[in-house]
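Please look over the sequence and the model before reading on. The report is meant for someone who has not met this structure before.

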Amino acid sequence: MSLIPPIDLARQYAHFQQDVESAVCQLMASGRYIGGAAVSDFEREFAIYVGTGECVSCNSGTDALYLALRAFGIGAGDEVIVPSFTFVATAETVSAAGATPVFADIDPVTFTLDPDRLEAAVTDSTRAVIPVHLFGHPANLDRIGEIARDRDLKIIEDCAQSTGAYWRDRQVGSIGHVGCFSFFPTKNLGAFGDGGAIVTDDPELAQQMRVIKEHGSPRRYHHTEIGINSRLDAIQATILRVKLPWLDRWNESRAAIAARYDDLLAPIPDLIRPRQVEPARSVWNQYTIRLDRHDSAARDRLRELLLAREIVSSVYYPRSLHQQPVYDSDAALPESERAAREVLSLPMFPELTEPEQERIAYALKDCIVEL
């Protein structure tokens, strides 16, 4: 019996191997490895894809968040509201910019920032909110937008797991003031290493981010502020240009796989399946179930039983950010804490086959009996 991994990038590579190898070889022969047309062309194409006027590429999704915060002038004395149930980069970039992350609870159905909890967390020091479109499902940008407008807050969309997702008729990243993307290999649009981008319709803001990411330098050897080195290298840009035309097809495959999981897992007791809540259109970066036992030990045991059957599942995330040692907040965020105890992400990638999904479902049914 062969192993079913959480994601299989080798299978994906088979679809575009010839195109990517040809494109990368041409780039290597050109001798232009930093900047150049490969990067600028990708920025233009990605902005068109998302539906914004500007795209600023960078080294990672983490840097994308940091650059956005810096460009808005957010720093010491400012607060930024973030969900607690997410990857640490969402909060650590706020801290790196000198501001204070304020943790808010999540909606238990979508795993995204609960607008009511956001509204309750706003103070006179709040400058921005970072809604995370977790596991590919957009946050409620209608309510978050209303709150942000009423309180004059910047919306920095964390789109690391949601490239190609929609809220109503607009792609995520194009709705807030900026959208921040990750091209880590496991993302829906992944590079062959780290990479990221920020999109916006504000050309002045985009230029400010370009200056910061180039050592605070609007032109060579002229530095107007303290910056960082955060470039998307030309090889990664070349690979992303080859992959971008495939993205919608891959996202459609993920949606079909999610629907199949829904049907296969419906009869299994104690499993809560993820839901797509209108008017969102998820891109299913993860298919994350919950084991309704309120007990992380039971969830971890289920994961072990699946692994014994050669099925690799993942836990995103076993501890919420407000409970991490680096923050150690005394905030009461019950939905974030419950999610951390219950979530389990099943294998999810566009090439996952129907027989593999059936095997996963049968294994889950047997494993639940063993718990």
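What follows describes a bent helix, a buried lysine, a buried alanine in a loop, and some backbone features of a predicted model.

**Helix 1**

Helix 1, which covers residues 9-30, counts 22 residues, yet its end C-alpha atoms are only 27 Å apart, short of the 32 Å that a straight helix would reach at 1.5 Å a residue. A bend of about 70 degrees is found in helix 1 at Phe-16, and Phe-16 is also one of the buried residues of this helix, together with Gln-12, Val-20, Val-24 and Leu-27. An α-helix has 3.6 residues a turn, so residues three or four places apart point the same way. The cover over the buried residues of helix 1 includes helix 2 (37-50), helix 8 (234-243) and helix 9 (247-265). At the start of helix 1, a side-chain oxygen of Asp-8 comes to within 3.2 Å of the backbone nitrogen of Ala-10, while after the helix comes Gly-31, whose phi is positive, near 80 degrees.

**Lys-213**

Lys-213 belongs to helix 7, residues 203-213, and is buried without a salt bridge, the nearest side chain of opposite charge being that of Glu-43, 4.2 Å away. Because a salt bridge requires the two charged groups to be within 4 Å, the 4.2 Å between Lys-213 and Glu-43 does not qualify. A polar atom of the Lys-213 side chain does lie 2.6 Å from the backbone oxygen of Ser-57. Leaving aside neighbours within four places in sequence, the residues in contact with Lys-213 include Val-56, Leu-67 and Ile-228.

**Ala-191**

Ala-191 sits in the loop between strand 8 (178-182) and strand 9 (196-200), and it counts as buried because its relative accessible area is 2%. Beyond its neighbours within four places in sequence, Ala-191 is in contact with Phe-183, Phe-184, Pro-185, Gln-236 and Leu-240.

**Backbone features in loops**

Cis peptide bonds and positive phi values are listed below.

| Feature | Residues | Angle |
|---|---|---|
| Cis peptide bond | Glu-278 and Pro-279 | omega about 5 degrees |
| Cis peptide bond | Tyr-316 and Tyr-317 | omega about 15 degrees |
| Positive phi, not a glycine | Arg-168 | phi about 55 degrees |
| Positive phi, not a glycine | Trp-284 | phi near 50 degrees |

Pro-279 is in the loop between strand 10 (271-272) and strand 11 (280-281), and Tyr-317 in the loop between helix 10 (296-308) and helix 11 (334-342). Arg-168, in the loop between strand 6 (166-167) and strand 7 (170-171), is partly exposed at a relative accessible area of 48%, whereas Trp-284, in the loop between strand 11 and strand 12 (287-291), is buried at 8%.

Definitions and conventions: Residues are numbered from 1 along each chain as its sequence is written. Side-chain values use heavy atoms; hydrogens and water are left out. Helices (H or I, at least four residues) and strands (E, at least two) are DSSP runs, numbered from the N terminus. Buried means under 20% relative accessible area, exposed over 50%, partly exposed in between (1.4 Å probe, protein chains only). Lys and Arg count as positive and Asp and Glu as negative; His and the chain ends are not counted. A polar contact is a pair of N or O atoms within 3.5 Å; within protein, one must be able to donate a hydrogen and the other to accept it, and residues adjacent in sequence count only if both atoms are side-chain atoms. Contact means heavy atoms within 4.5 Å. The expected span of a helix is 1.5 Å times one less than its number of residues. The bend at a residue is the angle between axes fitted to the seven residues ending there and the seven starting there.
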